[in-house]
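Dear colleague,

Please find the structure below, followed by some notes on the helices in it.

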Amino acid sequence: MLSKLQRMWFVMNNKDGMQSVAQESGGIATQMMSAAFPTTVRTSLNQQVNPCDDFYEYACGGWDQANHDSIPKYQTSWALSWDRAQLNIQDKMITVLEKDDSSPGEYYKACVDSDRIETEGAKPIMPWLDLIDTIKDHQSLLDVVVEFNKANMDMFFSWYIDTDAHDNSQNAFFLTQTDTSLPDPTYFSETEDPEMVAHVDKFEERVGHFFKLIDRPDPKGEAKLVIKYERELASILVDRTTAYKEHAKKTSWEEVDKMAPAWPWKQWLTKLSTCTKPFNGVPQVCTDDHAEVLKVGTPEGKPLYLRNKDFFPKFSKMLETMPLDAIRAEMRWQVVNGAAPSLSTPFQDGMLDWYKDLYGVQERSARPRKCFYATTGSVSWASAKLYSDKLFHHDNRQAALDMLSNIRTEFLKAIPDASWMTPKNRDDAKHKLSEMFFEVGIPTDKGDNVDWPKRAHALDGKLGPDYFRNGEVATRVSMERALSKLTRQPERRAWGGSTPLEVNAFYGPKSNGLWIPAGILQAPFFDHANSDAQNYGSVGTILGHEMSHGFDDDGRRYDARGEMKDWWEPATVTGFKERSGCISSLFSTYKVMNKQVNGKLTLGEDIADAGGIKFAYRAFLHSKPRTDSEKRCVCVCACACAFECVRERECVRVSVFVRGKEKETEIESANGRAQARESERERGGVCMCCRYHATRLVFYCWHECDYCCGGVRLVL
Ligand SMILES: [Zn+2]
């Protein structure tokens, strides 16, 4: 999976080309700037800068200058190619959705019906608020928490169903900690930092504002209770660095009971696995697999795993002492926080005001854009099918498959040279790479036949003109489907949480496979009109990046079948640690906004980037004869020049990962797609902003060019 960190643009030149640059004093050799660079690349460069002094400025300076003031006000970040691809899809899909009569069209049309939404005001969430008022003790609290869970809202802790990493023929039930409403628990703990204190104050002010909108009798007092709850939650969460290193451990309910006795775990599971009629009139949706949920964690049932072990005893203590008033206030806030984007203008404006403070967003998205994202998020598979039927250029699929095949060939060719691996492990690595499957564009079966999952029709006949209700129906359907995963064997090629509509790409360690959605197989990432150099440089490096994830610090732990097995011999592990330590040490020397990058946390992405560019470049050179002029300047990776954050001072603090989506991703992630873990990794780095790219770009420059190594030369 590519993070925003990777949505960058860099231009790599072969050694001869770069040496000629180095010989030029203070600029780029004229011959390099000739026809070899496409116009779109040339206009993004700052030719006044030597790439080995500041590669990011060289590659992106022109685009930076021309575009810094044109970041759309509804965005927190803006990336040249990534957002162009997103906008292409969005504009075309809006036209399709306006005319569509199937479930995506229904969902979209209800969403753009602002008149109806405005008339409703806060009415859609009133049943939820009434339900919270019924909490009088821990027993009634349990009932309401179960309703929250069935509507995909977390309270106290989080849970999901995913492939069992130790036996990927089955799924397992996972318990994990939840999260605070602010992007990171450190917002609450850094009480000496005036900026952080101001963010917490703003959060409290916003909660009070929303409580006023829903006519609470003491909005300010209740907002203080929310802060009390969230502050205490923040204090017991396992920090990211620790959580990153921690793998889920197999456990039993008895152990969980002992660890966190204040929560009635078995009762909770029983209630969760009972399919009941929703309290608020939303239609009942039931699969027949609930009996399996009841058996979780028993010898005859599916396994139970626990992540963030240290959190659970602390949560239990917190539950014993936290006043019910504070819990009810927190739950009201959770309802409003989740629902506000789907409610009337005062709620949406209330959110915008908060996001201005947190992320620097200046205005709300236009309604059609918002509804495009709402539709493709909630009716995701039907929307993806619509895109495939109406808009996807299916011949791009074959082109990507050819590139993947060429990149894998180069990867395989390089393995015998990996002298740090033992001969046995070199064979194992070849085997793993050969077994890696490529799921490109749209879902297919083993025989390469198109194979859309049933969920592409899951909402047929279930939607109507009520936008909020549609959202609740879609959530219920997806939660039932998530629960029913327990009885199904993981399907190796299943797409999990991503769909073909996404502009992204994924490697699944538990499946040892690649998913390359249709969304990314379009201009500017891939275009038949582009030169091979451009296509290998853009989408080729992305494909190589994902392939390399199979051998990064985490992916290496899984074998050719995607099971977590220790298949690396000690000498290979030592060799890997030496070499990867070189990369993490390098990245740890960088500072972003005066915060030190933690190269250990960004290691997987850094390895994948390096592998991606290396093998895509070799595939370009060797897949067919290239002329000298083609080779002289190779534009690698027309991905994106990006502004990651409008307000740079927030960069180091703000995770761009949207709260709420994480849960959904985990629940939806069939077959160990591992997006959630990926996001964990991506959030682990200290930086989330554009200047980070500079460090990576310089790294490539060092990596590829002897003369600008500055004493550092890495050979992967
Ligand atoms: Zn990645």
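At 1.5 Å a residue, the 18 residues of helix 23 (residues 467-484) should span 26 Å, and the end C-alpha atoms of helix 23 are indeed 26 Å apart, which agrees; the expected span is 1.5 Å times one less than the number of residues, and helices here are DSSP runs of H or I with at least four residues, numbered from the N terminus. This is a predicted model, in which local features need pLDDT of at least 70 and side-chain atom pairs count only at pLDDT 80 or more, while totals for chains, interfaces and linings use all residues. Residues are numbered from 1 along each chain as its sequence is written.

The buried residues of helix 23 include Tyr467, Glu472, Arg476, Arg481 and Leu483, where buried means that 20 or more other C-beta atoms, placed from the backbone, lie within 10 Å of the residue's own.

Helix 10 (residues 194-213) and helix 18 (residues 345-359) pack with their axes 10 Å apart at an angle of about 180 degrees, the axes being lines fitted to C-alpha atoms over the stretch in contact and the angles running from 0 to 180 degrees between N-to-C directions. Helix 10 is therefore roughly antiparallel to helix 18, a term for angles over 145 degrees. Among the residues that make the contact are His199, Arg206 and Phe210 of helix 10, and Phe347, Asp353 and Trp354 of helix 18, with contact taken as C-beta atoms, placed from the backbone, within 7 Å.

The axes of helix 21 (residues 395-414) and helix 24 (residues 532-548) come within 10 Å and cross at roughly 60 degrees.

Best regards

Conventions. Helix = DSSP H or I, 4+ residues; strand = E, 2+ residues; numbered from the N terminus. Buried ≥ 20, exposed ≤ 12 C-beta atoms within 10 Å, placed from the backbone. Parallel < 35°, antiparallel > 145°, perpendicular 65-115°, else oblique. Contact = placed C-beta atoms within 7 Å.
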